[in-house]
Amino acid sequence: MADDSDVYVSPSVSGAAKILVVGPMGVGKTTLINTVSEIKPLSTEATMTQAGARVDTAPPSAKTTTTVALDFGRITLGGELVLYLFGTPGQHRFLPAWKDLARGALGALALVDTRDLSASFDAIGHLEDLDVPFTVAVNAFPDSALHDEGELRTALDLLPRTPLVICDAREHRSSLKALISLVTHLIALNTAPAATAAPLAPEPS
C-alpha cells in the first residue's frame, strides 16, 4: 500500500489541470501514464477480442489487452501544478465516450506511431472537433522509421502552432518532457491576447 505522500497532493500545489492522453490502440498511452504517475495508476484494461483487433496494414503487435474505459494517473510539476492524466480508449468504437472524458480537460497529449500515422487521424480529428488544445508526441518504437518534422506535420495536417515532440513512453524523463511541452503550449495559449481559456493556476495576489 502506498504511503500518504503518494496518495495526497502536496500542500505546495496551487493549480491543477485535467489532461487527456489520446491516440490509437497500442500507441503507448497506458505505458506513458504508468511511467510518469506518482500514484499507483488506475487502469481498465481487458483481454482483446477479435472485435477489438485493428484492421489495417500496421506491423503485427504482441499486445493482448486494451483499455476499455480509461487510464488514470497523477503527476506534480515543480511542486505547484498537478496534472490529472486521463488515458482514453484507443479503439474507434469508444470515440463517443470522449465527450464525457473531455469535459473540463485543459489540453491533451496526442501520441502517434510513425509506423501507422493514419491510425492517429481519428484521435487528432476528435480533439479538433472538441476544441481541445493538444501537443503531438511521436512515440519512438525500436523499429520506427525516422521522419523529418516537416513530413510529419504534413502527414498529420498539423497547424504551425501545434507542438510536435519525440518521446519514449517507457522512459520517465522523456515522457515528462512531452507533458511539459503540452503545459508550456497551454500557458502560451492562455497568456496570448485573444486567449479565453481558464488559467492553469490562480493569479498571484
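Let's start at Leu83. Set aside its neighbours within four places in sequence. What is Leu83 still in contact with? The list is Ala17, Ile19, Gly73, Arg74, Ile75, Leu77, Leu179 and Val183. Keep in mind that this is a predicted model.

Now widen the view. Leu83 belongs to the largest nonpolar core, which has 24 residues. Leu32, Leu83 and Leu85 have the most contacts inside this core. Which elements each supply at least two residues? Three of the names are strands near the start of the list: E1, at 15-22, then E3 and E4. Helix H2, at 29-36, is there too. So are strand E5, at 105-112, strand E7, at 164-167, and helix H6, at 172-191. H6 gives the most, with six residues.

There is another core, apart from that one. It has 23 residues, among them Leu20, Leu70, Ala105 and Phe134. A general point helps here. In soluble globular proteins, nonpolar side chains tend to be buried together.

Next, the rings. How many aromatic pairs does the structure hold? Two. Take Phe72 and Tyr84. Their ring centres are 6.2 Å apart and their planes meet at 10 degrees, so this pair is stacked. Stacked needs planes under 30 degrees apart. Phe72 lies in strand E3, residues 65-77, and Tyr84 in strand E4, residues 81-87. So the pair ties together parts twelve residues apart in sequence.

Phe72 also pairs with Phe86. Here the centres are 5.1 Å apart, with 65 degrees between the planes. That pair is edge-to-face. Again E3 is linked to E4: Phe72 and Phe86 are 14 residues apart. Put the pairs together, and Phe72, Tyr84 and Phe86 form a cluster.

Are these rings buried or exposed? Check the relative accessibility. Phe72 is at 21%, so it counts as partly exposed. Tyr84 is at 26%, so it is partly exposed as well. Phe86 is at 17%, so it counts as buried. The cut-off for buried is under 20%.

Phe86 has a further partner. The charged end of Lys18 sits over its ring, 4.8 Å from the centre. Elsewhere, the charged end of Arg115 sits over the ring of Phe141, 4.1 Å from the centre.

Now the backbone. Most residues other than glycine have a negative phi. Asp131 has a positive one, near 60 degrees. Where does Asp131 lie? In the loop between helix H4, at 121-129, and strand E6, at 134-139. Asp131 is exposed, with a relative accessible area of 68%.

Asp157 also has a positive phi, about 55 degrees, and is not a glycine. Asp157 sits in the loop between helix H5, at 149-156, and E7. At 62% relative accessibility, Asp157 counts as exposed.

Last, the whole chain. There are six helices and seven strands. From the N terminus, the elements run α-β-α-β-β-β-α-β-α-β-α-β-α. Of the 205 residues, 45% are buried. The chain exposes about 11000 Å², and carbon and sulfur atoms supply 57% of that. Finally, take the contacts between residues at least 6 apart in sequence. Of these, 73% join residues at least 24 apart.

Technical notes. Residues numbered from 1 in each chain as written. Predicted model: local features only at pLDDT ≥ 70, side-chain atom pairs only at ≥ 80, totals over all residues. Heavy atoms only, no water. Phe/Tyr/Trp six-rings, centres within 6.5 Å; stacked < 30°, edge-to-face > 60°. Helix = DSSP H or I, 4+ residues; strand = E, 2+ residues; numbered from the N terminus. Buried < 20%, exposed > 50% of the residue type's maximum accessible area, 1.4 Å probe, protein only. Lys NZ or Arg CZ within 6 Å of the ring centre and 35° of its normal. Core = buried A, V, L, I, M, F, W, Y, C linked by side-chain atoms within 4.5 Å. Contact = heavy atoms within 4.5 Å. Areas by Shrake-Rupley, 256 points an atom, 1.4 Å probe, with all protein chains shown as cover.
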